[in-house]
Amino acid sequence: MEVLEFIIQLLTTPAIILGLVALIGLLIQRKVFGDVVKGTFKTILGILILSAGAGIIVDFITPFSEMFTQAFNLTGVVPFDEAVIGALSENVTEIARNSSLILAFGFVVNIILARFSSFKYIYLTGHMLWIMSGALAWAFYDLGYSTTEAVLWGSLIQGLILVLFPALAQPIMRKVIGNNDIAYGHLTTSGVVLSAYIGKIFGNASKDSEKVKMPKGLEMFKDTAISISAVMLILYLITTFVAGPEFVSTLSGEQNWLVYSIIQAFGFTAGVLVLLQGVRMFLGEIVPAFRGVAIKLVPGAKPALDVPVIFGFAPTALMIGFVFSVLGMIIGMFVSKAFGTVIPLPSIIGGFFTGGAAGIFGNALGGRRGAMISGVVYGLVLTIPVALFYPLFGLEVYGISGVALLVPDAIIVLTLLKIFSSLNIIPVVVILAILGVLATGFINKKRKKKRNLLK
């Protein structure tokens, strides 16, 4: 059990697992000792800097979220995946155990499928692996499956998810980053991709948000630090004044309530700048190192990485996506009222990180207007499906209230599981899906052979 725990710790600690990937890749390429140490250390440091930046952002946006709820008189459940899976694991030992096994075996299935199919993606976002394995363990437990069945089918489904969802986003990722080196590894893939394609329909790809011509006096806003600071300062001050000094003072302590809000806005920007520095350092080392792993283990493999890896490619679209996804979540919250289940509160943190990603994807396909539309649609995706899904697997029976599962990929998979389980066809569907994915590798080989013969 200690060995299993060690493996799980590795797979859920991004800095360690990605540092190991860099180390193995550099050793495979027979780099000199100095380059191996440099590449490994800078990968780990880049991830830690990225994580520190994300932590700063969360620290500064959490009070904003509280002010926002107070200002606009919002009540409902908080969509918070980590809280849901953490509480389920704590309350039900079998879910915790099965989740660990699904995580470990599912990653092995991911590597096998990537090696022998055309879906060459290795999913390296640790907390997403943990959330999905926990969600699968919860679903199979709730549906009455035995531990053996839960781990078997759960691991196969986990492996499928880890190659199929990055493939769904890859055409847009190529447009965003300009190459095919990395993939999108987050359980919001279906949401950001759907939003981006809707943004494409109503947008205009020729008007890229990053190439907007500004009057000379406004050119300073092309600087990421200035543009993010300006947007956040406006958002914080409006929310602060609506929430009122009395409430804000409960958050600011001895600091003046208005000074507190101004510092919070700039603190948020500081977190974004730290995060972007970590992304630059991390990507500069992990991509060349990962090629070494791919060449030997999974030829042509791409690492599927966490959301922030795309932030530096379109910072303006990031902020557009954030602002408009919050607007979409507010609309979605009122729409959710009609379903009579729960009302998901706007996730401001989710709005920045993954709403920002929706904006970047939307901009890649539909320009500035595409980013706006994509943001609004994604905000609806983060609320309406949450409300509809909530009754399918009731959390109250596990003694959990006030939180809800948020990530759309997991919601889709668990909804399908519920449907397939009622028809008693889960094994058939999973086996057919595995065979279908593996068949792509065989077809690809035949095509390559044919092309070579024609040459």
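Over the ring of which residue does the charged end of Arg115 sit? I looked this up first in the predicted model, and found that the charged end of Arg115 sits over the ring of Phe116, 5.2 Å from the ring centre. I then noted another such arrangement, in which the charged end of Lys418 sits over the ring of Phe393, at 5.0 Å from its centre.

**Aromatic pairs**

I went on to the ring pairs, of which the structure holds 15. For Tyr141 and Tyr398 I read a distance of 6.3 Å between ring centres and an angle of 50 degrees between the planes, so I entered the pair as tilted. The two residues belong to distant parts of the chain, since Tyr141 is in helix α6 (residues 126-142) while Tyr398 is in the loop between α14 (384-389) and β5 (403-404), and 257 residues separate them. I also checked how accessible each one is: Tyr141 is partly exposed, with a relative accessible area of 31%, whereas Tyr398, at 12%, counts as buried because the cut-off for buried is under 20%.

The next pair I looked up was Phe268 with Phe352, whose ring centres are 4.9 Å apart and whose planes stand at 80 degrees, so this pair is edge-to-face. Phe268 lies in helix α11 (residues 257-296) and Phe352 in helix α13 (residues 348-381), so the pair ties together parts that are 84 residues apart in sequence. Phe268 is buried, with a relative accessibility of 0%, and Phe352 is buried as well, at 1%. I wrote down that both residues belong to one aromatic cluster, formed by Phe268, Phe311, Phe322, Phe352 and Phe353.

**A buried asparagine**

I turned to Asn98, which has its place in helix α5 (residues 93-116). Is Asn98 buried or exposed? I found a relative accessible area of 1%, so Asn98 is buried. Leaving aside residues up to four places away in sequence, I recorded that Asn98 touches Ala137, Thr147, Ala150 and Val151.

**Positive phi outside glycine**

Finally I looked at backbone angles, and noted that Arg30 has a positive phi of about 55 degrees although it is not a glycine. Arg30 lies in the loop between α2 (14-28) and α3 (33-71), and is exposed, with a relative accessible area of 77%. Asn424, which is not a glycine either, has a positive phi of about 60 degrees. I located Asn424 in the loop between α15 (408-422) and α16 (426-454), and its relative accessible area of 64% makes Asn424 exposed.

Terms used
Residues are numbered from 1 along each chain as its sequence is written. This is a predicted model: local features need pLDDT of at least 70, side-chain atom pairs count only at pLDDT 80 or more; totals for chains, interfaces and linings use all residues. Side-chain values use heavy atoms; hydrogens and water are left out. Rings of Phe, Tyr and Trp (its six-membered ring) pair if their centres lie within 6.5 Å; planes under 30 degrees apart count as stacked, over 60 as edge-to-face and the rest as tilted. Helices (H or I, at least four residues) and strands (E, at least two) are DSSP runs, numbered from the N terminus. Buried means under 20% relative accessible area, exposed over 50%, partly exposed in between (1.4 Å probe, protein chains only). A charge sits over a ring if NZ of Lys or CZ of Arg is within 6 Å of the ring centre and within 35 degrees of the ring normal. Contact means heavy atoms within 4.5 Å.
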